[in-house]
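This report looks at how the parts of the model below meet. It takes the contacts between chains and the contact between domains in turn.

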Number of protein chains: 4
Amino acid sequence: MSPAASSKKRVGILGATGTVGQRFILLLAAHPHFDIAVLGASAASAGKTYAQATTGRWKQVHPIPAHVADMPVGDCDVKRFMDCDVVFSGLDSGPAAEYEHVFREAELRVFSNAKNYRQDPLCPLIVPLVNTQHLEMVAHQRKTLGLKRGFIVTNANCSTTGLVVPLKALEAKFGPLDMVLVSTMQAISGAGYPGVSAFDVHDNVVPYISGEEEKIEMEAAKILGSISAESAFVDNALRVSAHCNRVPVIDGHTECASVRFARRPAPSVEEVVQAMEQYRCEAQELACHSAPERAIIVHKEVDRPQPRLDRDAQNGAGVNVGRIRKCPVFDIKFVVLSNNVMIGAATSSVMNAEVALAKGYLD
Amino acid sequence: MSPAASSKKRVGILGATGTVGQRFILLLAAHPHFDIAVLGASAASAGKTYAQATTGRWKQVHPIPAHVADMPVGDCDVKRFMDCDVVFSGLDSGPAAEYEHVFREAELRVFSNAKNYRQDPLCPLIVPLVNTQHLEMVAHQRKTLGLKRGFIVTNANCSTTGLVVPLKALEAKFGPLDMVLVSTMQAISGAGYPGVSAFDVHDNVVPYISGEEEKIEMEAAKILGSISAESAFVDNALRVSAHCNRVPVIDGHTECASVRFARRPAPSVEEVVQAMEQYRCEAQELACHSAPERAIIVHKEVDRPQPRLDRDAQNGAGVNVGRIRKCPVFDIKFVVLSNNVMIGAATSSVMNAEVALAKGYLD
Amino acid sequence: MSPAASSKKRVGILGATGTVGQRFILLLAAHPHFDIAVLGASAASAGKTYAQATTGRWKQVHPIPAHVADMPVGDCDVKRFMDCDVVFSGLDSGPAAEYEHVFREAELRVFSNAKNYRQDPLCPLIVPLVNTQHLEMVAHQRKTLGLKRGFIVTNANCSTTGLVVPLKALEAKFGPLDMVLVSTMQAISGAGYPGVSAFDVHDNVVPYISGEEEKIEMEAAKILGSISAESAFVDNALRVSAHCNRVPVIDGHTECASVRFARRPAPSVEEVVQAMEQYRCEAQELACHSAPERAIIVHKEVDRPQPRLDRDAQNGAGVNVGRIRKCPVFDIKFVVLSNNVMIGAATSSVMNAEVALAKGYLD
Amino acid sequence: MSPAASSKKRVGILGATGTVGQRFILLLAAHPHFDIAVLGASAASAGKTYAQATTGRWKQVHPIPAHVADMPVGDCDVKRFMDCDVVFSGLDSGPAAEYEHVFREAELRVFSNAKNYRQDPLCPLIVPLVNTQHLEMVAHQRKTLGLKRGFIVTNANCSTTGLVVPLKALEAKFGPLDMVLVSTMQAISGAGYPGVSAFDVHDNVVPYISGEEEKIEMEAAKILGSISAESAFVDNALRVSAHCNRVPVIDGHTECASVRFARRPAPSVEEVVQAMEQYRCEAQELACHSAPERAIIVHKEVDRPQPRLDRDAQNGAGVNVGRIRKCPVFDIKFVVLSNNVMIGAATSSVMNAEVALAKGYLD
């Protein structure tokens, strides 16, 4: 541990050995503000070192950071985490339902990747490149539940995350959107490990991902919605329709979107390109460690973005948009590419926590 | 050659050694009404047997039919084809521009796979499961050009072909559609051979296929349009917007469509399912050899159709539809899967010719 | 059920709903000598129809045969199978250990796909294109165990099966081989369903398959070995070394083999080609229903066989060999391609049973 | 250009816009000792900026380095390169035959990736992790050709490069090897761009790569051979047999090798593991910029190395070995994984040049 570690926030990780948990490890191992302090996983892993607990299941291109490899892994008992300043949860919805609310009740701050609390009217659903202003809902959440320090903040489903960044850029500049039709081509890694059977997705498209279309349709409206003076969520009239597909790509969700603006006449293609290129979010303004230089990289080549070539740009922390053109049915259509395991999962939680730290929510 | 061969129509094949040409060979080698008589290819192949001309380039799962292997291949000089009753052209647009009109002027009947004449107001653009009634345009074409027997009939682009079959089933039952938004995930084989570089499509999605979106948008309107008493084409108000993507799948185009009916209220999901299941086309009524038993197979499983599992149903001659459900933005959304190298190419030409034969256009 | 069904042998299938079981269904649904009578699966499937029990898990290109879809599925209690003439087992090694010996003790004839009895000195390990003569070991097995009718016959591991066919063709013509070095590239379907995680095999090679190398090394020696006058197995001096790899191919195992003959000088490339082309097995001589026309298809093209293009030749019942050439270290090297789900699994069991039937073992 | 640039060696790149050329750009854009000075490509690119010349063909995950994007690209006329200290050639064998000897005759130092001079007795064939000592052949080459400064040094074929590193580690410790049998599973990128058709390699294995097996068999012997006191090459008795396959993997060649030592008894598995782990090469001793920390990473997990997980370790500059175990036919078998576009191509040339620089060959 570095000498400066004492001034860093102590971090606990729930589900530390799973797919999302492994990404948390890599993102936080050398983080300037967070220090990995406590690792929680299933009972089967408890008592092992992190390296032992992930033997045969560490599926990252980078090796386990040396100082984490020997850290002890325990279970998810909240007592082990009581002196953590922040808890990142990579738990699936089953265990998340069991543990996350317990952590909140123990006055811990939980950044969750599970779907459980995304539609909860008390919990902000935050895509860090879009709506960190919704952190204000934490006040409402604490007040309603009688908490002083604890909260749950969720991040969005991976396929929602990529989509709402350009949508936000458009709404920020041109006012509300009426309708969005999106078709996704989602990567294998989005399903975790072991996740998708190779027998199902090899040389194939699976035009169905359980619950995914509903998530996009509901989450997009919440993320792009507004909050009242009392920090409660206010409904959003935006209508979204999603077609979700699994395709044989390892990382990177590609989404084809057609949008219709409320404003008539609609902005031109050139205006839309400019709005996306100029879009900046609060995480950038606050100079957060994980914030990308550009929230949206707008590609001019006719056949980009592509998952294999563009998913690792900016370490997967921004999104890529291309093929911005007129839509013969709606106003504008374009392609979005986002890294589902980075900005679509762990990176979102970390960036949300960085914004929360900068705004005093972790004091 | 079988004894009955004398009563079969003599067939010429242009571009016989290419990807589409190879499919023509397989489809026609044992056809009850057509007999392969003349093979035309590029000058490089002229003078070889078919087996020699396709050495290292025969990329079919089935071997070359024995009696075709030894047939001579010549060039595409129209003189070689003068006693053909039908000419199937698998030429790309470049050579198609050079040869097909010459064949028509020589009073030959040409069934073309190229894009050149698809938007020609004189040429019918026919998907055999949809609009074989447009063969009536042949009369107008012959009259305008002063021909007695010759004509060009085109079939549609592979991605258009799959889409328009369910659209036609809907319009036949519920009246005109207003708007269609479709996103395609197209197979590698759609680009011919060598076609797509593995370097481009492996572990990737390429969200662009040159000219493809415009083809779908324009062809769908023409195919679903009507013809006047004088057999000329009449405009169609349908608006279509397409997003086209190449995905790592060998055969089978998957398309996600959302549709809006002119009729209010729109039909229910159940009515749409029934309309698709009951839809029948003229090729079926005429009991054409290549017509599928069902124009549309409607899948009830939540995750079908899928290209690897469903592309070979009915030898690829019908289309597969699934996931018929309400669209939160339009009325109905669903998934279409069609075999791009069968109904999307050679099978379409052959079925078009079978209908033309049954209706007397080849006499 | 057809009128002739009464003269057919009554067949039971263990593990009927699994990957191998599904292939048994397709192979036996219209078989001239066998009639599907009893279906056994896990307790979870008992009481359902076959269609219900395989909902969401039927992963075949062909639909469930209509008369099988409505058949009841039960558990694997031997009482349900007492009037079966033959039992095909697609059980994995766990349940196979529990059930197969019970069936044999009940005087049933079991054709097993599991590894459990392959190295049992009483059980013949038979690749139907190679060593059906080893059925004679059934007499020894029955005598040793005090049985009148029952037996267990096993077929080989999928990667062994493809390899030993050309090895047998060589030994039949040129006498014993000394050494064989083989490197395999095995298909996804070889691991069953869900089997391999897409996350593991996509854009990847996994150079390890648990237990596979040992299976090839031991099974090849047994299959190519001989039996004594008392029908007991006699040891074989052949040394085999295998490298086994999983590659992103859906069906079809490709194997690169280098062989050294005991005989000096070794046969020439031309002699080896001829030996493979002329090789015939007992299943062919007996005109068994599933026997391929050619045990080995020898490819002359420089880049064949290939799994995608050649795995379905002869309905996957033979093997493909190509690139027969001199080896700078051993004598000869070549490539073998076999369909792991056909001749490498269910087709082998069925063909073994056909030979057994023809030779009177099922009377 | 940085102030220190004046002390760097001026570098010319031939074939700068191609697949290997693009890697040279990325490797050299921020190199401490080399400075990109002149870019040569085909006549079609001459007169464009580098960004213009690679529009639609820049297929790297990293963008074009900013200061290179605007550099002018010219043709390969030697006059443009006369003040270069080093010339890296990414030319294919056709243009390499035309240009490389001209550059040498003009007293330029050429590091070639083409096959043309690999078997030339005057040219060293160098894998930088193996035989940089062969740079001594440069003296013999210059003397024979009457040159003062010019030379051609070649690097090896990508599939040879990975293999010979562990072979060298073994010979360095245990003396000569007698026999090596290797089977490769080579990546798509090894064929350049557009290279392999997706239609050929998707869901497939192509068990043939033109000329590749001969290259491995001949190059391995030359690289592992020795040179005489007069710096001429001395023959090597090692016998190598290779099976080469193309598999659907984007980057990273996997090779399964079985080896037999001359020494009896052969070393144990443990001794072999230790020899590979401890192996160090001259580029490491000289602390060359591109030299990996470890020449060989020995994996202990039972299923590693794998191309997707291990190809980018050490930026692709070392090789990965795993599954070291006894071979039932030879002595030892193992798996090698190397990054074919890094150490297998551009990185090799650059590291060879770094060693040459350190040893005074570029003065």
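## Contacts between chains and domains

Chain C and chain A each bring 15 residues to their contact. The model is a predicted one. Together the two chains bury about 1,500 Å². Carbon and sulfur atoms give 69% of that area. Three residues stand out on the chain C side. Ala198(C), Phe199(C) and His202(C) supply 41% of the area that chain C buries against chain A, more than any other three residues.

The chemistry of this interface comes next. The rule finds 2 salt bridges across the interface of chain C and chain A. One of them joins the side chains of Lys59(C) and Asp200(A), at 2.7 Å from N to O. There are also 9 residue pairs in polar contact between chain C and chain A, with both residues at pLDDT 80 or more. The side of chain C that touches chain A holds 10 nonpolar, 3 polar and 2 charged residues.

How are chain C and chain A related in space, by what turn and what shift? A turn of 180° with a shift of 0.0 Å along the axis lays chain C on chain A, with an RMSD of 0.0 Å. The two copies are therefore related as by a two-fold rotation axis. Ala198(C) has the C-alpha nearest the axis in chain C, 1.9 Å from it. Ala198(C) is also one of the three residues that lead the buried area of chain C against chain A. Both copies use the same surface: 100% of the contact residues of chain C recur in chain A.

Chain A and chain B can be compared too. Chain A can be laid on chain B by a turn of 180° and a shift of 0.0 Å along the axis, again with an RMSD of 0.0 Å. Of the interface residues of chain A, 100% are also interface residues in chain B, so these copies meet through the same surface.

Now to the inside of one chain. Chain A is divided into domain 1, covering 3-157 + 346-358, and domain 2, covering 158-339. Domain 1 of chain A is thus written as two segments. The C-alpha centres of the two domains of chain A lie 24 Å apart. Their contact takes 33 residues from domain 1 of chain A and 38 residues from domain 2 of chain A.

The two domains of chain A bury about 3,000 Å² between them, 60% of it on carbon and sulfur atoms. Leu129(A), Val130(A) and Asn157(A) supply 26% of the area that domain 1 of chain A buries against domain 2 of chain A, more than any other three residues.

The count of salt bridges between the domains of chain A is 1. Glu219(A) and Arg118(A) meet in a salt bridge through their side chains, at 3.1 Å from N to O. Polar contacts between the two domains of chain A number 16 residue pairs, both residues at pLDDT 80 or more.

Three helices of chain A give two or more residues to the side of domain 1 that touches domain 2:

| Helix | Residues |
|---|---|
| H1(A) | 19-28 |
| H5(A) | 137-145 |
| H12(A) | 342-358 |

H12(A) gives the most to this side of domain 1 of chain A, with 7 residues. The residues of that side divide into 14 nonpolar, 11 polar and 8 charged.

Conventions. Residues numbered from 1 in each chain as written. Chains lettered and ligands numbered in written order. Predicted model: local features only at pLDDT ≥ 70, side-chain atom pairs only at ≥ 80, totals over all residues. Heavy atoms only, no water. Domains from an automatic or database assignment. Contact = heavy atoms within 4.5 Å. Buried area = accessible area lost by both parts, 1.4 Å probe. Salt bridge = Lys/Arg side-chain N within 4 Å of Asp/Glu carboxyl O. Polar contact = N/O pair within 3.5 Å; in protein donor to acceptor, adjacent residues only side chain to side chain. Helix = DSSP H or I, 4+ residues; strand = E, 2+ residues; numbered from the N terminus. Nonpolar A, V, L, I, M, F, W, Y, C, P; charged D, E, K, R; others polar. Least-squares fit on C-alpha atoms with pLDDT ≥ 70 in both.
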